[in-house]
Structures are given as C-alpha cells and as structure tokens.
Amino acid sequence: SAPYARRVIERRGLEGLFDAVYGVEHAGYHPKPQPRAFEAVFALDGLQTARAAMFEDDPRNLLVPHGLGMRTVHVAPAALPAVEAAHIHHHTDDLGAFLARL
C-alpha cells in the first residue's frame, strides 16, 4: 500500500526523492506484474513511460515495465546473469547510493 511504501521511504531516508508513490490501491487492487496494474497507475497522472523507472527486487516484476518502455532497476544483493537480465537496464545492491548518483 502507499502508506506502507511511504513509511519505508521515510525510514530509509529517501523522502523527497520521488515525484509520487503508488500502492496496490491505486491499481484497483490488481497486483504487479499484471499490465492493467501499471496501466491504472499511469492513467492517474498521465505518466509517460519513457520518462519513468521501475525499481524492483523481483526481476520478474520488471518484465512488463520494460515492455512498456520504462527504465528498469533491479535492487538486489547480486545481479542476474546477462542471459536472464535482458529486461533489466541497471542493477544495484545499494538503492540509496544509486539514487544519490542520479
């Protein structure tokens, strides 16, 4: 949910770095990686996928965003082998440091 995500962002010291935070409630309770979940959220703000990024620890949840034209960032201790990561643009094991470099 969005309230949970906001608490995590705050506790990680990342508040103020995101234009918006969405939860499953904004997607009509359709979970990711269902395409209609992304479409519902994008419709809320007229999001342009070419100007958006998806940060995710489960690489399977990056397939649809990649297909929609979003930049994808795998956040996990280890990167996937290249053959499994064609849909992943970036990998990081330190989200705070990754965002600080942007």
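Me: Which residues is Pro33 in contact with, leaving aside its neighbours within four places in sequence?

Reply: In this predicted model, Pro33 is in contact with Phe38, Arg60, Asn61 and Val64. Contact here means heavy atoms within 4.5 Å. Pro33 itself sits in the loop between helix H1 (2-11) and helix H2 (35-45).

Me: Why is Pro33 called partly exposed?

Reply: Its relative accessibility is 34%. Buried requires under 20% and exposed requires over 50%, with partly exposed in between. The value of 34% falls in between, so Pro33 counts as partly exposed.

Me: What makes Asn61 buried?

Reply: Asn61 has a relative accessible area of 10%. The cut-off for buried is under 20%, so Asn61 meets it. Asn61 is found in the loop between strand S1 (53-56) and helix H3 (63-67). Not counting residues up to four places away in sequence, Asn61 touches Lys32, Pro33, Phe38, Met54 and Glu56.

Me: How do you know that Lys32 forms a salt bridge with Glu56?

Reply: The closest N and O atoms of the pair are 2.6 Å apart. A salt bridge needs a side-chain nitrogen of Lys or Arg within 4 Å of a carboxyl oxygen of Asp or Glu. The distance of 2.6 Å is within 4 Å, so the pair qualifies. Lys32 lies in the loop between H1 and H2 and Glu56 in strand S1, so the salt bridge ties together parts that are 24 residues apart in sequence.

Me: Are Lys32 and Glu56 buried or exposed, or what lies in between?

Reply: Lys32 is at 42% relative accessibility, so this residue counts as partly exposed. Glu56 has a relative accessible area of 4% and is therefore buried.

Me: How many salt bridges does a search of the whole structure find?

Reply: The search finds 2 salt bridges. One of them has just been described, between Lys32 and Glu56. The side chains of Arg60 and Asp58 also meet in a salt bridge, at 2.6 Å from N to O.

Me: Why is Arg60 called exposed and Asp58 buried?

Reply: Arg60 has 60% relative accessibility, and exposed means over 50%, so the word fits Arg60. Asp58 has 18%, and buried means under 20%, so Asp58 counts as buried.

Me: What makes the radius of gyration of the protein agree with that of a compact globule?

Reply: With 102 residues, a compact globule would have a radius of gyration near 13 Å. The protein has 13 Å, so the two agree. Its C-alpha trace spans about 35 × 30 × 20 Å along the principal axes.

Conventions: Residues are numbered from 1 along each chain as its sequence is written. This is a predicted model: local features need pLDDT of at least 70, side-chain atom pairs count only at pLDDT 80 or more; totals for chains, interfaces and linings use all residues. Side-chain values use heavy atoms; hydrogens and water are left out. Helices (H or I, at least four residues) and strands (E, at least two) are DSSP runs, numbered from the N terminus. Buried means under 20% relative accessible area, exposed over 50%, partly exposed in between (1.4 Å probe, protein chains only). The radius of gyration is taken over C-alpha atoms; the globule rule is 2.2 Å times the number of residues to the power 0.38.
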